[in-house]
Amino acid sequence: MTRIKIFDTTLRDGEQSPGVNLNKSEKLEIAKQLEKLGVDVIEAGFPAASVGDFEAVKLIADTIKDSTVTALARCVKSDIDRAWSALKDTKNPRIHVFLATSPIHMEHKLKMNEDEVIETSVECVAYAKEKFKEIEWSAEDATRSDLDFLVRIITKVIDAGATVINLPDTVGFTTPEEYGAMFKYISENVPNIEKVELSTHCHNDLGLAVANTLAGIENGATQIEVSMNGIGERAGNAALEEVAVLLHIRKDFYPYHTRAVLKEIKRTSDLVSNLSGMQVQRNKAVIGQNAHSHESGIHQDGVLKNRETYEIITPELVGVTDANTIFIGKHSGSHAFKEKIAEFNMSLSDEESKAAFKAFKKITDVKKDVTDDDIYAILMEIKSESEMVERYRLNDFQINYDEDGVCTAQIEMVFPNGTVRTSKGSAFGSVEALFKTFVSMIPYTVNVIDYSMRSVGKGKDSLAEAHLKVNIENQQITGRSTNQDVLKASLDSYINAVNRFMIHEKQKAGAY
Ligand SMILES: CC(=O)SCCNC(=O)CCNC(=O)[C@H](O)C(C)(C)COP(=O)(O)OP(=O)(O)OC[C@H]1O[C@@H](n2cnc3c(N)ncnc32)[C@H](O)[C@@H]1OP(=O)(O)O
Ligand SMILES: CC(C)C(=O)C(=O)O
C-alpha cells in the first residue's frame with residue numbers, strides 16, 4: 001500500500017472562495033482540527049497578502065506540532081522573506097512557491113517568455129533554498145501547459161533545490177485520462193524526478209476534481225492538495241473527505257492509504273462550514289445531510305434488513321452521530337413507517353397501523369417535510385378515532401361579524417359521550433371567538449401559549465397549517481391541523497390539542 005500525503009489547502013485556496021474571510025483565531029481553530037484529522041501538510045495562508053494573514057500563518061506555525069505547516073509565495077523575494085518570517089519557528093517549515101507555465105498565463109498575465117519563466121522559477125527556488133529545507137514549486141496552470149516545456153522547467157527547479165513538484169489543474173480544465181497521462185509523462189521524462197515528491201492540485205470547474213486527483217495518484221503522485229468540504233477558488237478544490245473516504249472504501253481496488261482519521265471528518269466539516277459561512281449542500285458526498293439518509297420505501301426496507309444493501313459509508317465511519325438514516329417522507333413504505341411508529345412507544349393494532357400509514361401518505365402529498373410531530377399527531381388522531389377513545393368532534397361552525405367589528409362564533413360539537421351541543425361566543429377576532437367558544441364548552445382550564453399558521457404547498461391549492469401550543473391542566477400539549485380554510489384549521493388544531501390531552505390522561509391511567 002502506498003502512503004498518500006494529504007496537503008490541506010482549506011486555509012489558503014479554501015479561503016480564496018468568494019465571500020470567505022477567516023480571522024487568525026478562526027484559522028487557528030481550523031488548523032488544530034486539521035491536525036486532529038491527521039493531515040500531513042497544512043497550507044496556512046499567503047503571508048504577503050496581508051498583515052492579518054501573516055499573523056495567522058505565524059500563529060499556526062508556532063502552534064501546530066504534528067503537521068508540516070506551509071505558506072504560499074509568488075516568485076518574488078519579498079513574498080519569500082515574508083513567508084520565512086511567518087514559518088521559521090515551526091518544526092518543518094515548507095514554502096510553496098509558484099509560477100504559471102501555460103502560454104496564456106505567460107503571455108498575458110506574467111508578460112514573460114518560457115526562458116524568463118524558467119529563470120525566475122530557478123532563481124526563486126534557489127533563493128528560498130537559503131532559508132527552507134522543504135520547497136514546493138507549482139507550475140500554475142500546468143494542465144494547459146506544453147508538456148516538453150514542463151519537463152524542461154521541472155528538471156531545472158529540481159536542480160535548484162525543489163523537493164515537491166505540484167502540477168495544478170488551476171482552472172479545472174483537465175480530465176482523468178489526460179491528467180494521469182501528464183503525471184506519467186513527467187515521471188518518465190524528467191531525469192531527476194526521483195529526487196522529489198509529485199503532487200496533485202485539482203479544481204472542480206467541470207466536477208472532476210476528485211476523479212482527476214485519483215488519476216494523479218494512479219500515475220505517481222504521492223501528495224494530494226485538497227480542501228475540507230471542497231471549498232476553494234470558483235467551484236472549489238478536490239474535497240479532502242471525498243478522496244480520503246474513497247481510498248478507504250475502495251482499498252480492495254486501490255493500493256493506497258492516507259493517515260486521515262476518518263471519524264474526525266464530520267467535526268472538521270462542520271467547523272469549516274460554520275466559520276467560513278459556506279454551507280454544505282444536502283446531497284454532498286460523504287458529509288451532506290442526505291448522504292446517510294434513505295427516503296424511498298424500497299431502499300429503507302433493504303437497509304432495515306441489511307444496511308449494506310444501500311449503504312457503502314456508515315455514518316460512524318466519518319463521525320456522523322445524528323444521521324437521520326431512515327427519513328420518513330413521500331416515498332417511504334410501510335416497513336419504514338412501522339419502524340418509526342415503534343419509536344413513539346405506542347402500541348397500534350394492524351388496523352390502526354394501516355390507517356396511520358394511509359393518513360401519513362396523504363399528508364406527504366401536500367407537505368414536503370413530514371416531521372416527527374406530524375407523525376405523532378397522526379397516531380394520536382388514529383388512537384382517538386379508535387373505539388376505545390372518546391373525543392370531541394366538530395360538526396359545524398359559523399362566524400358573524402357585526403358593524404362594530406365584533407365577531408360571534410357559533411360552534412356545534414359532538415361531545416366524547418356522543419351528545420351534540422351548540423354554543424356561541426364573541427371576541428374582536430374570528431380565531432379568538434372560535435377558541436373562546438370552544439373552551440367555554442369543555443371542562444378544562446386551557447391557556448394558549450403559542451399559535452402559528454403557515455401555508456403548505458404553493459399557489460391557490462396551498463393549505464393552511466395551524467400549530468398550537470396550549471397549557472391544559474398544567475400540561476403543555478401541542479395541536480395541529482391542516483385545512484384549506486384558515487379558521488377551520490385553527491379551530492381543529494385547538495380540538496386536536498384537547499383530544500391529545502385526553503389521550504395522554506388515558507395513557508397515564510393505563511387505558512392503552
Ligand atoms: C492559482 C492561485 O490560486 S494563485 C494564488 C492566488 N491568491 C491570491 O492572489 C491571494 C493573495 N493575493 C494578494 O493579496 C495580492 O494579489 C498580492 C499581495 C499577492 C499582490 O498584490 P499586488 O502587488 O497589488 O498585485 P496584483 O494582485 O494586482 O497582481 C499580481 C501581480 O503579481 C504577478 N504575479 C502573479 N503570479 C506571480 C508569481 N507566481 N510570481 C511572481 N509574480 C506573479 C502578476 O503578474 C502581477 O504583476 P504586475 O503587477 O507586474 O502586473
Ligand atoms: C498556487 C497553485 C497551487 C494554485 O492554487 C492553483 O494553481 O490552483
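Which residues are buried in helix α12 (residues 334-343)? I looked this up in a predicted model, and I found Ala 336, Phe 337, Lys 340 and Ile 341. I then checked how they sit around the axis: they cover an arc of only 145 degrees, which puts them on the same side of α12. Just past the helix, I noted that α12 is followed by Asn 345, whose phi is positive, near 55 degrees.

Next, the annotated site. I pulled the UniProt record, an unreviewed entry, and its "binding site" annotation covers Asp 13, His 201, His 203 and Asn 237. I wanted to know how they lie in space: they are spread over 225 residues of sequence, yet they cluster, with a largest C-alpha distance of 10.2 Å.

Then I went to Asp 13. I found Asp 13 in the loop between β2 (5-8) and α1 (24-37). Is Asp 13 buried or exposed? Asp 13 is buried, because 23 other C-beta atoms lie within 10 Å and the cut-off is 20 or more. Leaving out residues up to four places away in sequence, I listed its contacts as Ser 227, Gly 232, Glu 233 and Asn 237.

His 203 came last. I placed His 203 in the loop between β8 (197-202) and α8 (209-218). His 203 counts as buried too, since I get 25 C-beta neighbours inside 10 Å. With residues up to four places away in sequence again left out, His 203 touches Gly 232, Glu 233 and Asn 237, among others. Those three names are also on my Asp 13 list. Other contacts of His 203 include Asp 169, Thr 170, Val 171 and Gly 172.

Conventions:
Residues numbered from 1 in each chain as written. Chains lettered and ligands numbered in written order. Predicted model: local features only at pLDDT ≥ 70, side-chain atom pairs only at ≥ 80, totals over all residues. Buried ≥ 20, exposed ≤ 12 C-beta atoms within 10 Å, placed from the backbone. Helix = DSSP H or I, 4+ residues; strand = E, 2+ residues; numbered from the N terminus. Arc of directions from axis to C-beta. UniProt positions renumbered as here; feature names shortened; annotations may be inferred. Contact = placed C-beta atoms within 7 Å.
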